[in-house]
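Me: Could you give me a close look at the interior of this protein? I would like to know what packs against what, and where there is empty space.

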Amino acid sequence: MNKLDYSYFELPSAFYSKVRPLKFKGASTLLFNEKLARKLDISEDFIPGLLDSTSEVFDEITSPFSQAYAGHQFGHFTMLGDGRAIVLGEVVVDKRFDLQLKGSGPTPYSRRGDGRATLKAMTREYIISEAMEALHIPTSRSLGVFSTGERIFRTGSEPGAVLARVMKSHIRVGTFEYARYFLTNEALQALLNYTIERLYPSCKLASNPALEFIKTVAETQFELVTHWMRVGFIHGVMNTDNTAISGESFDYGPCAFMNQYDPNAVFSSIDKQGRYSFGNQGAIIQWNLVRLTEALLPLIDPSEEQALIIARSFIQGFEEEWNMKYQEMMTQKIGFSKADNETERLVTGLLKLMEQHGSDYTNTFAALCYAIPNSLSPWEQEAFMEWKNEWNSYANSKGITMEERLQTMRMNNPVVIPRNHLVESILSEVELWENDTSGSTRFHEAMSLWTNPYAYDESRIAWMNPPTAEENQAHQTYCGT
Ligand code: AMP
Ligand code: MG
């Protein structure tokens, strides 16, 4: 295994606190992502060796730390920091990655939290992150889930676990807010320089690096969130501390994939106002980027007045850019590579139909790509057939063949996604796997499908069913931690 690196320590020390993960009696590996481990050259005994109370073999090669950050949570600004996450160090292979533990005990930023995580929540994060990767969506990766052997208290007593996760960087919009509102302009500049060097070195060459940086982050975030819209993903907690500068999705808490198309769908029991509903995600990412721009104002121009003028005209462009990216993505879902007024009309028309008919988001598009059973498809209904006629006429007018459309659609429309009722049903068994490293067969069967989401054959039909009304009710709201 390569030595861990610590470029983060180039930053002023106010950006982190050195802290060691707890040691647990009877820590053991529950899930281990061998493929990822091979890529990163991390041995299977490394994390359990760090967590196990009887072993100290790996301690001397790490200098773990937690990151300081602030953030707007549901619109309210507050100081946060890694309350239950510890970066073990950076793995440098072809690129640099943070290797982080989540749930490994308290840190100076824990406030009243216990620094722990439940086995269920960490397994959920493992499932969703690996499914996102397979959907070709930028995401944090999961290296493994490790049982701590402890029981922790949430609504009842639950088994605890640690997730090892890997990400290009955990720097978030909230890290910049922290530097701006709790530290100095020098610290803010140091953070910007470090982040540019690590993630977007080409910004250095721009005449205004801060502005170029925001522009680049906006591009990667719009790319990310349009992918979420493509696959019906609802993040659930799009706070600025959960918006990574790297453009990776992360912190999979109360997230879910939508079943019936409903722009107002929310999955988090704490999101009473629908702030983070499916259809609001485009507006929210713009809002978060405005918070990033505000935080960087002093580096946009030394004159506050001038900085504001530049920033104002700059952020006015966000909406148009979002709409353009969103239309591009949705156009591909209906099989075309170039968006125009007509494709926009087709997309809007189809979404409206799906909303009116309560159609399943994934299956409606899957049925355009493959001959799936009629029971899963809305396309026998008259209104949908009419839409299909318009869709065909448009394609004919452009000389785009069905073959070409199918090719584009099959790359953009998943067939099997980790539907929440199935994920929850698998998680309800996870407690039984404790001390059973082989895990459950159903979990492995599900993972083999969810990590190959674009393929269709009849054996997959059982995994394509939307939940029954009862299943949906049972799993509608939760806030697993
Ligand atoms: P999240 O919404 O999961 O990203 O978490 C928001 C903040 O709460 C972050 O600062 C977390 O580190 C912190 N947090 C969440 N759960 C715990 C916990 N069990 N103990 C300490 N801090 C926590
Ligand atoms: Mg978070």
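Reply: Happy to. Helices (H or I, at least four residues) and strands (E, at least two) are DSSP runs, numbered from the N terminus. This is a predicted model, in which local features need pLDDT of at least 70 and side-chain atom pairs count only at pLDDT 80 or more, while totals for chains, interfaces and linings use all residues. Residues are numbered from 1 along each chain as written, chains are lettered from A and ligands numbered from 1 in written order, and side-chain values use heavy atoms, without hydrogens or water.

The protein has 17 helices and 11 strands. Its radius of gyration (over C-alpha atoms) is 23 Å, close to the 23 Å from the globule rule (2.2 Å times the number of residues to the power 0.38) for 481 residues, so the protein is as compact as a globular protein of that length. Of those 481 residues, 59% are buried (under 20% relative accessible area with a 1.4 Å probe, protein chains only; exposed is over 50%, partly exposed in between). Taking contacts (heavy atoms within 4.5 Å) between residues at least 6 apart in sequence, 72% join residues at least 24 apart.

Now to the packing. The largest nonpolar core (buried Ala, Val, Leu, Ile, Met, Phe, Trp, Tyr and Cys joined through side-chain atoms within 4.5 Å) has 149 residues, and those with the most contacts inside it include F176, L292 and W450. Helix α6 (residues 209-231) gives this core its largest share, 12 residues. W450, leaving aside neighbours within four places in sequence, touches residues including I127, A131, A134, P418, R419 and W463.

Helix α6 also helps to cover the buried residues of α14, as do α10 (318-333), α12 (361-369) and α13 (382-398). In α14 (residues 402-412), those buried residues are R405, L406, T408, M409 and N412. N392 sits in helix α13 and counts as partly exposed because its relative accessibility is 27%. Just before α12 comes the loop from α11 (341-357), the place of S359. S359 counts as buried because its relative accessibility is 5%, and among its contacts beyond four places in sequence are N259, Q260, Y261 and F384.

As for empty space, there are 3 cavities of 30 Å³ or more. On a 1 Å grid over the protein atoms alone, a cavity is a set of points where a 1.4 Å probe fits but cannot get out; a pocket is an open set with protein on both sides within 12 Å along at least five of seven lines; lining residues have an atom within 4 Å of a point. Points are joined across faces, edges and corners, and a volume is the space filled by probe spheres set on them. The largest cavity holds about 70 Å³. Its 13 lining residues include Q221, L224, W228, N242 and T243, which lie nearest its centre, and α6 supplies the largest share of the lining, 3 residues.

The second largest pocket has a volume of about 520 Å³. N33, E34, K35, Y126 and E130 lie nearest its centre, among 21 lining residues. Two or more lining residues come from each of β2 (28-32), α1 (34-40), α3 (119-134) and α16 (441-450).
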